[in-house]
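User: I am new to this structure and would like a careful look at its charged pairs, beginning with a single one and then moving on to its surroundings.

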Amino acid sequence: MKTIYKPLFVALLLLSGISCDDKLEQFPTDAFASGTFWTSESNALIALTGMYRGNINYGTQVVPSDWWTYCGIVFLEFATDNSYDRRGDNSTYNRLTDGTLLPNNNVVNGYWQGSYRRIAIANDFLENIDNVNMPEVKLQRMKSEARFIRATQYFYLSQFWGDVPLVTNTLTPDEANNVEKSNKTVIVDFVIQELSEAVNGLPRFSEIPDSEIGRASKQAALAFLGRLYLAEKRFDEASEVYQQIINYGDNIIDSEYGPLFTTENENSAENIFSVQFVSGLAPNAMPQHAFPAASSGWHIINPLGSLAEEYGFDDGTPFSYDDPKFVQEDMGANRDQRFRDTFIWNESTFQGRRYVCHPDSTQSVDQLTYSKQATRTGFGFRKYFDETFSGNLRNDYGGNIPVIRYAEVLLSYLEAELEAGNPITQDLLDQTINLVRGRESVNLPPITETNPDLLRDMLRRERRIELAFEGTRLWDIFRWEIGEEVLSGDFWGAPFPNSVRYPTTSIKLDPQSRWYVTTKNFRPGDYQWPIPESETNINPKLAE
């Protein structure tokens, strides 16, 4: 909806810019009288835009106000084995998985509030939209969009909390303060019903005109439905849903990986559903957070060595520091192109500036004071950033952030087929994982392994690489129940062998001379997040 976003933005601020103290209370009072607002199609479009905007805070926020902010999508990787928050071990993202998660965690609280705010907006919309005199096909489409958005929020709530309140109508403050939780199975059934029925009223991806890019399609609803079926281990149903998306034939695997995440190709048919940002009005301020210090950024996003080492060489062989193809002086040499599109490394360039993070260099970082290049891992972050961008880092970048890509659909389809116990054929591999890793800019050799036990690890590695920093890694870890395996122990950054300062720069020493970053001690109970303390203090029923 980027094209229609600008003229509606001021009106939208009036409609949905007021917050509420009790996060489950009725839809906040707005600047329009309810009796006069729901009278025209143009006003309905303002309300619709408000649902897509949700609780997104356009600025340099540091905790999520919504699942679809860059803090909600990209920063969630801080809780995984993919990335580290430059702000250190006390980062509340890090505390989600380091064994110190508590109900007062502000990240958990931000996601919870963001979901229920979107749900409240959608409930209000559905309760009033029938008052608007407009063509039936437009009315049904808008109602389907509202049900899609509401269902996505209950998808997230079911996955990270389990039992939560199911609120499908506007509540009075008293009702909100006494609401009870519904069992996770009830939430899951509701999401399945809502998404399944929303599909009927949504257009296909190919039917959405350029002026409406950003609005939900049938494929977006089906992709979320597929996610839910995967998580619930209903693999045959997941496979069927993903096959529907494939059969539409509307989406593609684009030839280039990097531009999918910048303004250059953000509207590719590979990006099924994306968060829309608009320079100046609804800007994406992530460049301020994540650009290198040399480019005036804060360098908060620091990829971990455990992710970097997953990217193999460009001939398809696995990565090894002992392989002669590894070049210490140029860590991106001979590597999977997606490594080069995602990382910045020592002596590489970003925006034409040399990036230096070697511990012996006077231009590099003191890890304990965050000076100079300000990296905690020896790696910087390139994905999502247009290196030709020269505007204000906080206000002038309008790059979108994908929520669902066709690459995820194909990898998820293969996973569903594998876990359902269906035969794995070379044709299936070529239509899914090999299509993803075979895109022109990546061009890795095809996978031929059909043994499910061996293929599973290959698929999970491919998924981690392809979808890095797209907000799915923690969910994957949770649904695969591998937290104790991958979120425990010491985590390291880039290697700097023969460094004079390494013994004093790294708090712990490593045989590969990789910088020590952090230690995690994931607890099995943290697969499910606690309901925020601010909510249970108001309504003790939520703590039961």
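With which residue does E180 form a salt bridge, and how far apart are the closest N and O atoms?

Analyst: This is a predicted model, in which local features need pLDDT of at least 70 and side-chain atom pairs count only at pLDDT 80 or more, while totals for chains, interfaces and linings use all residues. Residues are numbered from 1 along each chain as its sequence is written, and side-chain values use heavy atoms, with hydrogens and water left out.

The partner of E180 is K541, and the closest N and O atoms of this salt bridge (a side-chain nitrogen of Lys or Arg within 4 Å of a carboxyl oxygen of Asp or Glu) are 3.7 Å apart. E180 lies in the loop between α7 (173–176) and α8, whereas K541 lies in the segment after α21 (533–538), so the pair ties together parts that are 361 residues apart in sequence. Helices here are DSSP runs (H or I) of at least four residues and strands are runs (E) of at least two, numbered from the N terminus. E180 is exposed, with a relative accessible area of 51%, and K541 is partly exposed at 29%; buried means under 20%, exposed over 50% and partly exposed in between, with a 1.4 Å probe and protein chains only. Side chains of opposite charge can pair when their charged atoms come close.

A second pair also involves α8. E194 forms a salt bridge with R147, and the closest N and O atoms are 2.8 Å apart. Since E194 belongs to helix α8 (residues 184–201) and R147 to helix α6 (residues 136–160), this pair ties together parts that are 47 residues apart in sequence. E194 counts as buried, at 4% relative accessibility.

In a third pair, R523 and D526 form a salt bridge whose closest N and O atoms are 2.9 Å apart. Here R523 is partly exposed at 32% relative accessibility, while D526, at 6%, is buried. Elsewhere, salt bridges that share partners join E270, D336, R338, K383, R405, R437, R439, E462, E466 and E470 into one network. The count for the model comes to 44 salt bridges.

Helix α6, which holds R147, also has a part in the nonpolar interior. The largest nonpolar core (buried Ala, Val, Leu, Ile, Met, Phe, Trp, Tyr and Cys residues joined through side-chain atoms within 4.5 Å) has 160 residues, of which W68, F148, W161 and W529 touch the most other members. To this core α6 gives the most, with 11 residues. Leaving aside neighbours within four places in sequence, F148 is in contact (heavy atoms within 4.5 Å) with L195, A198, L202, A216, A220, A221, F224 and F273.

Two loop residues complete the picture through their backbone angles. E347 is not a glycine, yet has a positive phi of about 75°; E347 sits in the loop between β4 (343–345) and β5 (349–350) and is partly exposed at 37% relative accessibility. S513, also not a glycine, has a positive phi of about 60° and is placed in the loop between α20 (502–505) and β10 (514–521). With a relative accessible area of 14%, S513 is buried.
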